[in-house]
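Please look over the structure shown below. The report that follows goes through some of its strands, helices and loops.

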Amino acid sequence: MSERIVSAITGPVTKWVVLAFWLVMLVLMGPLTGKLGDVESHDNSDWLPANAESTQAIDELAKVQDPDDLTTTIVYHREGGLTKADYTAIVLQIPEIASLDGVVTQETKPDQPVMPAIAYPTGEKKGQKHGLVSADGEVATVSLVVNYADEDPTALLDLRDDLVDLTEIEGVDVYIGGAGGSTADQMEAGAGIGGALLYAAAGVVIVILLITYRSPVLWVLPLVSVLVALVVSMGVVYLCAMYAGLTLNQMNRAILDVLVFGAGTDYALLLIARYREELGRHADRHRAMAAALRGSAPAIIASAGTVTVGMLGLMVATMGSTASLGPVCAIGIVAGLIVMLTLLPALLVITGRWVFWPVRPAYGTTGEKHGGIWTRLGGWIRKRPRAVWIGTAAVLLACCGGLSMLNITTLDSSETYTKDFPSLIGDRVLEEHDLGDPSNPIQVVSAPGTEEDVVEALTKAGYEGATPVTDGTHEVALTAVPLSTDPMSKASFDTVENVRSVVHTVEGADALATGTAAIQLDMAAATDRDTKVVMPLVLGLVLIILMILLRSVLSPLLLMATVVLSFGAALGLSAIVFDAMGFAGQGREFPLFVFVFLVALGIDYNIFLMHRVREEVVAHGDTRRASLVALSATGGVITSAGIVLAATFAVLTTLPHVSFIEIGLAIALGVLLDTLVVRSILVTAINLDLGDVIWWPSRLARGRTNLRSPADPRAGAGGPRPARPTPMRQQFRQPPPMRDPRPRDPRRY
């Protein structure tokens, strides 16, 4: 960071300008955060690749049907069978249902084939295989279409509540299912993302900061800075969603919240630790902060840059939800970086030394304390570094054995949440009574006038329930094929593939199949492709950045190998935990998301450590001694940062989404492994074993500095070997602080 920028941030006058700037940003961006939910997409079709068959079919279907229509199913269930009075009550409810705001009928859109339209259950329908009443007479359904494209999305929740009140019949259980019901339940499940999740993350950060700083005041400054970074990033994401075509879903928003909290707090911990150290060397807190920024900013910027590039690598994904996660997270990281290197320093110099109360760092003392557990750990590793890193790697490889328990699949509706929502119960009731959900058919789009040909081909193939929806007068022909299985199950996927193979053979029809099951099938195929493409791309990008930062080839390769090993161990341990928790499997996006975050965030701590190692080598020579000094100097702050990041991602486990729980838990476990085991033990042991070789082919590996310390027992036979090694406490002893020549002014404290 240049002297001009440092002076602008930490100057006695300019610090107030920095504070004023961020106050203005809060005023501008604050109102936008409340609108973020308005630009979220709850339609899976919005995330499909452009070349997927479902996408092409949806484009054709838009010529005759509003793409914002949501088919909804009302499920009535009475144990022992519905009575004639029940049927009468259901029929009488139909006009009231049709009059609800947002409900679409043939009358409201006479030129559009509404599929399915509101249906009237009658006793004569009993026994119909794909009818509206189950064969045992216990279940009846009413289907409708709703459209809230021009209204607040939360209006769908209000409609669900209205339907529940309107359809109440004594002794009859009523469930709102179908696409409309599941979307409403999804919105309810995601309600915690904007509120409870944020409060939980803030609470975790506060507790850890209190433990770390042991100050009742200091924690406020990093927390305020993190909240500013979150508000700014959410405002920028909203603007990008509104005017730049960026799409957003609940998962992306949840990850944005925890990422800004975790990464932002990490940067704050590193900066404050260096600032505390510099306060002991400088009487003027402004000069101390300037020195802290010069010392810590390069590592923080390098870390944030690596994470940002890794996140942007997701943009090559074909799945819209995956591709959009890249810029969303990149915005959060950049916002956190800028705030922590500008607003936080300004707040710290404005408040002065008293903010560290009750242990204020006084001038003339060393704020950075070497020794303790990290010095002892370094001394233990130093005795037999090769045995330590081989043993540690073997343990991590053993943890990778749990990978055999992973079950990467598409979770069906009943496996998606940790609680039973009404739509899930309704779907289960329909399946138990062998009644297909009329709101989730396979939709076959074909050339005008080919409906009958498509139906004939499907009937010959055994799909007797295939029904034409259009009558030959529309621009596109539409045929419905009912499903009696969960649209997100493998059985439905097999049905979609079979239907596609049949309709593709209809000459002149140019038929394409879509619908909920077809969309999920295409999403699964796209996610599998993205996993194979994005993983090596992110690895390559991060590796190149490391080579540039460390000016070495061997060291980045070793660091990447340790991070990948940590990723495998985290997934293996996570699989064991998930099996114990009774989860049916992991979503197809699980390995990709966990990989990208663990590689990008895991390499963070290695950058912090290795940046300090290189700094010590350049200044004093001897990679082995530099590694021990770096471990002792950075162990506490990096461990605290890792615990903060792991804890914030673990907050995702409070949501009722199985995918959120699995991703949050795996990332938290991986970060802890990387912080406590990989970075502190494995990397340090490798550095001590290989010594200066790790910098190959840079000048540090060619004897251009004092590469061998006289106290190093591994020095060559011709080099000096002292009779008694220098005690580690002497190796880490710091020179006395330089006195500031200017008179001490109490007002600067």
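How many of the residues of strand β7 (residues 477-481) are buried? In β7, 5 of its 5 residues are buried, where buried means under 20% relative accessible area, exposed over 50% and partly exposed in between, with a 1.4 Å probe and protein chains only. Strands (E, at least two residues) and helices (H or I, at least four) are DSSP runs numbered from the N terminus.

This is a predicted model, in which local features need pLDDT of at least 70 and side-chain atom pairs count only at pLDDT 80 or more, while totals for chains, interfaces and linings use all residues. Residues are numbered from 1 along each chain as its sequence is written, and side-chain values use heavy atoms, leaving out hydrogens and water.

**Strands**

From β7, the residues A477, T479 and V481 point one way, and L478 and A480 point the other way. Strand β5 (residues 442-446) pairs with β7 in the antiparallel sense over 5 bridges; two strands pair if DSSP finds at least two bridges between them. Within β7, A477 is the bridge partner of S446. Strand β6 (residues 467-468) also runs antiparallel to β7, joined by 2 bridges, and P468 stands opposite T479.

**Helices**

Helix α9 (residues 220-243) and helix α12 (residues 320-351) have axes that come within 8 Å and cross at roughly 145°. Axes are lines fitted to C-alpha atoms, for helices over the stretch in contact, and angles run from 0 to 180 degrees between N-to-C directions. Residues of α9 including L221, V228 and V236 meet residues of α12, among them I331, A335 and L343; contact means heavy atoms within 4.5 Å.

Helix α21 (residues 590-620) has 31 residues and reaches 45 Å from its first C-alpha to its last, close to the 45 Å expected at 1.5 Å a residue. That expected span is 1.5 Å times one less than the number of residues. In α21, 26 of the 31 residues are buried. Just after α21, G621 takes a positive phi of about 75°.

**Loops**

Two residues other than glycine have positive phi values, as the table shows.

| Residue | Phi | Loop | Relative accessibility |
|---|---|---|---|
| D510 | near 45° | between α18 (490-503) and β8 (512-514) | 65%, exposed |
| R551 | near 50° | between α19 (516-550) and α20 (554-581) | 56%, exposed |

A cis peptide bond joins W696 and P697, with omega about 5°. P697 lies in the loop between α23 (658-690) and α24 (728-731).
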